[in-house]
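Colleague: Please take a close look at the shell around the ligand. Then place that shell in the rest of the fold.

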Amino acid sequence: MAALPDCNELVPAITQLRWYHTIDLGGGVTTPGRYDHRPIVNALPWPDLRGLRCLDVGSRDGFFAFEMERRGAAEVVSLDIDDPSDVDFPGFRPPEDDIKHELDLGNRAFEFARAALGSRVQREMLSVYKLQPEAFGTFEFATLGTLLLHLRDPVRALSAVKTVLAGPLLLNEAIAPNLNVIRRRPVAEAVMPPGLPFWWCVNPGGLERLVNAAGFEVAARGRPYILRNGQGAQRPKLRHCFRRPFRDTLSNLIKMRGDLHYWLLARPMP
Ligand SMILES: C[S@@+](CC[C@H](N)C(=O)[O-])C[C@H]1O[C@@H](n2cnc3c(N)ncnc32)[C@H](O)[C@@H]1O
């Protein structure tokens, strides 16, 4: 594990990094994340994690991995990737160096936060598709957040998670505001902008269908909520919200505050 940074060096060092998560590092120091999960984290349906072996899939800066450790997990594995070829792009791919740079930002932020927190979370670099019990053993609980929309094949990814999971999976995924977010009828939109790793945006019913198709049953479900922007967010200007196409106006207005999300607690079916 890297040496703990000196407290006086924390703040200037933090600003050298780009943060996705807002993480309290102690001593009143907080990372300027693009999103702030802190207001919703206690509303998620956490089981008692004390003594459990836990997995955080697509962990980025590690907010959920550190949260599981804080809740008493015996062992936490934070899974992410460092190989550009593991990022799914629809069609056009940006230069490999640009993709690598983006991945390194997340991985460096994680390492920094782990050291600052004195955490024992283990980082593993592996695509979710390649998870298998022979290499990793099994876990008693897992989290997976804001990842499925970045994947070409979300059902294959969830099926791979199932192979290493002997307990519940907590999903906290982005959902599409312009789809039907209230009713449970499953809907998915093929987003796929060239050069960006976005694929499918689902509504709550669509997320449930993905989870079922991968062999999980839903044990509990939340309600759509806005995952709030953090200090590091780039907020759209109000006038941009009313540009064409007008079907995006609601999404753009929501984006001024954050992104619409939805949680599910799922259990592997035998
Ligand atoms: C949007 S962030 C979500 C971070 C966190 N899970 C959350 O809910 O806030 C998505 C993360 O998934 C990672 N990722 C993308 N493709 C992946 C793959 N095939 N396997 C594992 N992680 C992947 C990205 O590198 C990034 O760190």
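Modeller: I start with the ligand shell, then take two loop residues, one helix and the whole protein.

This is a predicted model, where local features need pLDDT of at least 70, side-chain atom pairs count only at pLDDT 80 or more, and totals for chains, interfaces and linings use all residues. Residues are numbered from 1 along each chain as its sequence is written.

The shell around the ligand holds 19 residues. A residue belongs there if its C-beta atom, placed from the backbone, lies within 6 Å of the molecule. G58, R60, S127, V128 and G145 come nearest. Three elements give two or more residues each to the shell: α3 (63-70), β4 (75-80) and α4 (96-117). Elements here are DSSP runs, numbered from the N terminus: helices are H or I with at least four residues, strands are E with at least two.

By class, the shell has 8 nonpolar, 8 polar and 3 charged residues. Nonpolar covers Ala, Val, Leu, Ile, Met, Phe, Trp, Tyr, Cys and Pro; charged covers Asp, Glu, Lys and Arg; the others, Gly among them, are polar.

R60 deserves a second look. It sits in the loop between β3 (53-57) and α3. Its phi is positive, about 50°, although R60 is not a glycine. R60 is buried, with 25 other C-beta atoms within 10 Å. Buried means 20 or more other C-beta atoms within 10 Å of the residue's own, exposed means 12 or fewer, and partly exposed is in between, with C-beta atoms placed from the backbone.

T146 also has a positive phi, about 45°, and is not a glycine. Its loop runs between β6 (141-145) and α6 (154-163). T146 is partly exposed, with 18 other C-beta atoms within 10 Å.

Now α6 itself. P154, A157, L158 and V161 are buried there. Seen down the helix axis, the buried residues of α6 fall within an arc of 95°, so they line one face. The arc is that of the directions from the axis to the C-beta atoms. These buried residues pack against β3, β6, β7 (169-174), β9 (200-202), α7 (204-213) and β10 (216-221). Contact means C-beta atoms, placed from the backbone, within 7 Å.

Finally, the whole protein. It has 9 helices and 12 strands. Its radius of gyration is 18 Å, close to the 18 Å that the globule rule gives for 270 residues, so the protein is as compact as a globular protein of that length. That radius is taken over C-alpha atoms, and the rule is 2.2 Å times the number of residues to the power 0.38. Of the 270 residues, 33% count as buried.

Notes:
Contact = placed C-beta atoms within 7 Å.
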